[in-house]
Amino acid sequence: MKTLVVFDFDHTVVDDNSDTWVIRCLPDQTLPESLKNSYRKGHWTEYMGRVMSYIGDQAVGPERVRSVMEKIPFTDGMMELLTFIAEHKCNIDCIIISDSNTIFIDWILHAAGIQSAVDQVFTNPAKFNNHGYMEVECYHSHNCTRCPINLCKKKVLEVYLSEQLKCGVDYQRMFYVGDGGNDLCPTFCLRGHDVVMPRKGFTLESLLAKLQSRDENISLRARVISWSSGTEILKELKTNVYL
């Protein structure tokens with residue numbers, strides 16, 4: 001009778017992009033144009049590796065980076081939603097699948113005191129090297145043409161569900177909560193009684209609307225319910241979860 005809630009992180013759990021928020025730790029809070037222009041589509045994690053190397057070159061240490069990251073705002077209502085999930089762990093499992101990194105997400109969740117709500121985080125591995133520079137690696141490799149080179153969220157979710165099934169956990173219902181283009185792919189492994197919840201006014205909502213307006217929506221079986229605050233998600237969760 002368990003329910004699974006899957007969250008994206010940036011612009012979903014938090015109300016900004018953690019990878020661009022980190023620029024605030026720099027003295028002038030900006031990157032050189034040459035670095036900005038080095039980004040190649042689909043290779044964001046490699047780009048962030050160069051960003052964090054630049055931050056290290058400016059003598060910005062881990063503690064300064066952490067203090068900035070811990071100030072990133074949570075999306076309205078998300079703290080209440082995650083607190084509810086933390087209080088009902090016997091009925092609700094919760095995971096995060098994100099294109100951010102392990103250090104940023106761990107810092108932010110612990111600073112807010114809601115890390116107990118989340119059972120697992122699937123994101124790009126990060127660490128600080130001996131020189132105090134943060135290094136970010138790609139989460140995995142895959143063959144999906146829809147997703148960035150470092151992360152296919154559908155593959156991550158499929159592997160997680162398979163592992164849970166081996167442990168005897170077959171979820172009664174799943175909720176997928178996200179905002180971005182890379183949140184579309186995992187919605188294709190949701191079932192008819194599952195729910196995909198795109199944030200109103202963001203890319204995922206428009207992509208799902210296009211699918212639903214064409215014959216392509218045959219590949220999307222889940223119900224679509226848009227949201228603008230965590231309060232709306234919490235209301236939907238309470239309605240559908242057996243507590």
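The exercises below, each with a worked solution, concern side-chain contacts and backbone angles in a predicted model.

**Exercise 1.** Find which salt bridge K153 makes with D8, and work out where in the chain the two partners lie.

*Solution.* Begin with the contact itself: the side chains of K153 and D8 meet in a salt bridge, with a distance of 2.9 Å from N to O. Next, place the partners, for K153 belongs to helix α7 (residues 153-166), whereas D8 sits in the loop between β1 (3-7) and α1 (18-21), so that the pair links distant parts of the chain, 145 residues apart. Then turn to accessibility, where the cut-off for a buried residue is under 20% relative accessible area. K153 is buried because its relative accessibility is 0%, and D8, with a relative accessible area of 6%, is buried as well. Finally, look for further partners: D8 and K153 are linked with D183 in a network of salt bridges. The structure as a whole holds 13 salt bridges.

**Exercise 2.** Set the salt bridge of E33 with K36 beside that of K200 with E232, and state how each pair is placed along the chain.

*Solution.* Take E33 and K36 to start with, whose closest N and O atoms are 3.3 Å apart. Both residues lie in helix α2 (residues 33-36), and because they are 3 residues apart there, about one helical turn separates them. K36 is partly exposed, with a relative accessible area of 35%.

Now take K200 and E232, which form a salt bridge with the closest N and O atoms 3.6 Å apart. K200 is in the loop between β7 (195-198) and α8 (203-212) and E232 is in helix α9 (residues 230-240), so this pair ties together parts that are 32 residues apart in sequence. At 41% relative accessibility K200 counts as partly exposed, and E232 counts as partly exposed at 30%.

**Exercise 3.** Decide whether the ring pair of W44 and Y47 is stacked or tilted, and do likewise for Y160 and Y171.

*Solution.* The structure holds 7 aromatic pairs. In one of them, the rings of W44 and Y47 have centres 5.1 Å apart and planes at 50°, so the pair is tilted. These two residues stand 3 residues apart in helix α3 (residues 44-57), a separation of about one helical turn. W44 is partly exposed, with a relative accessible area of 22%, whereas Y47 counts as buried at 7% relative accessibility.

For Y160 and Y171, the ring centres are 6.5 Å apart and the planes meet at 15°, so the pair is stacked. Y160 lies in helix α7 and Y171 in the loop between α7 and β6 (173-178), so parts that are 11 residues apart in sequence are tied together by the pair. Both Y160 and Y171 are buried.

As a last step, return to W44 and Y47, which form one aromatic cluster with Y39.

**Exercise 4.** Identify the ring over whose face R24 lies, and say where H11 and Q29, each with a positive phi, are found.

*Solution.* R24 lies over the face of W21, at 3.6 Å from the ring centre. Moving to the backbone, H11 has a phi near 60°, a positive value in a residue other than glycine. H11 is found in the loop between β1 and α1, and its relative accessibility of 23% makes it partly exposed. Q29, which is not a glycine either, has a positive phi of about 55°, and Q29 has its place in the loop between α1 and α2.

Methods. Residues numbered from 1 in each chain as written. Predicted model: local features only at pLDDT ≥ 70, side-chain atom pairs only at ≥ 80, totals over all residues. Heavy atoms only, no water. Salt bridge = Lys/Arg side-chain N within 4 Å of Asp/Glu carboxyl O. Helix = DSSP H or I, 4+ residues; strand = E, 2+ residues; numbered from the N terminus. Buried < 20%, exposed > 50% of the residue type's maximum accessible area, 1.4 Å probe, protein only. Phe/Tyr/Trp six-rings, centres within 6.5 Å; stacked < 30°, edge-to-face > 60°. Lys NZ or Arg CZ within 6 Å of the ring centre and 35° of its normal.
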